[in-house]
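Work through the following exercises with the sequence and the model open beside you. Each task is followed by a solution that proceeds step by step.

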Amino acid sequence: MSDFAQAPLMVGDVVPKTIKFQVFHKGEIRDTTIASFRGKWLVLFFYPGDFTFVCPTELGELAGKYDAFQKEGVEIVSMSTDTVFSHKMWHETSPVVKTVLFPMGSDHRHVFVTLFGVYCEEDGLAYRASVVVDPNGVVRAMEVHDNSIGRSAAELLRKVKAAKYVQEHSGKVCPASWQEGDATLTPGTDLVGKI
């Protein structure tokens, strides 16, 4: 972990592209780096562990929206502290996890969970955390949940679309519950006290 002394990363920080890790993807185990995801939007989707209870409901819901994320130019990497071998077995045995088409990353060395400050030391597992990274490797959004609280894939997609919108439309901001096509705001003194 000494290579990444700036941990934990926060919104606005750049994810070091030299981080190496393994993924289970399309029936194969392979080595990769964060650098291989530069140039596209990336969602790191942390979950506590394979063969658990809330985790497959989240991964299944995310798998159901994977095409929508892909249409937005977003790659998803689910990430837990399990090994890729555990991911492979879970993918082969769980009816819900079989639907997962995105890479399933292994953080068994606890590099990512430490880097993002989402390591639950007491349990030795990741918290439920979602990190949105832009094509330049900059963290644009983060959320962390207690492990008993599942997340919404639809809400995560909404956040990605909002992050993309404000990056593509300099000077604009998205108000609460903004959906694609809704009005945005241009911050300025003329809005003070009028909203």
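**Exercise 1.** Decide whether aspartate 146 is buried, partly exposed or exposed in this predicted model, and describe its surroundings.

*Solution.* Begin with the relative accessibility of aspartate 146, which is 43%. Since buried means under 20% and exposed means over 50%, aspartate 146 counts as partly exposed. Next, place the residue in the chain: aspartate 146 lies in the loop between strand S9 (139-145) and helix H5 (153-168). Then look at the side chain, which makes a polar contact with the side chain of serine 148 at 2.4 Å. Finally, turn to the backbone, where the C-alpha atoms of aspartate 146 and alanine 129 are separated by 8.9 Å, although these residues are 17 residues apart along the chain.

**Exercise 2.** Is asparagine 147 buried or exposed, and with which residues is asparagine 147 in contact once its neighbours within four places in sequence are left aside?

*Solution.* Asparagine 147 is found in the loop between S9 and H5. Its relative accessible area is 18%, so asparagine 147 is buried, the cut-off being under 20%. With the sequence neighbours within four places left aside, asparagine 147 is in contact with Pro48, Ala126, Tyr127 and Arg128. For one of these, alanine 126, the backbone oxygen lies 3.3 Å from a polar atom of the asparagine 147 side chain.

**Exercise 3.** Identify the buried residues of helix H3 (residues 84-93) and explain how they are arranged around the axis.

*Solution.* List the buried residues first: Val84, Ser86, His87, Trp90 and His91. These residues cover an arc of only 150 degrees around the axis, and therefore lie on the same side of H3. The general background is that an α-helix has 3.6 residues a turn, so residues three or four places apart point the same way. As a last step, ask what this set packs against: the partners are strand S1 (20-25), strand S2 (28-33), helix H1 (54-64), strand S4 (74-80) and strand S5 (104-106).

**Exercise 4.** Find how many cavities of 30 Å³ or more there are, and characterise the lining of the largest cavity.

*Solution.* The count comes to 1 cavity of 30 Å³ or more, and the volume of the largest cavity is about 40 Å³. Its lining consists of Ile34, Phe37, Arg38, Lys40, Leu42, Val133, Asp134, Pro135 and Gly137. Sorted by character, the lining residues divide into 5 nonpolar, 1 polar and 3 charged.

Conventions
Residues numbered from 1 in each chain as written. Predicted model: local features only at pLDDT ≥ 70, side-chain atom pairs only at ≥ 80, totals over all residues. Heavy atoms only, no water. Helix = DSSP H or I, 4+ residues; strand = E, 2+ residues; numbered from the N terminus. Buried < 20%, exposed > 50% of the residue type's maximum accessible area, 1.4 Å probe, protein only. Polar contact = N/O pair within 3.5 Å; in protein donor to acceptor, adjacent residues only side chain to side chain. Contact = heavy atoms within 4.5 Å. Arc of directions from axis to C-beta. 1 Å grid on protein atoms, 1.4 Å probe; cavity = no way out; pocket = protein on both sides within 12 Å on 5 of 7 lines; lining within 4 Å. Points joined across faces, edges and corners; volume = space filled by probe spheres on them. Nonpolar A, V, L, I, M, F, W, Y, C, P; charged D, E, K, R; others polar.
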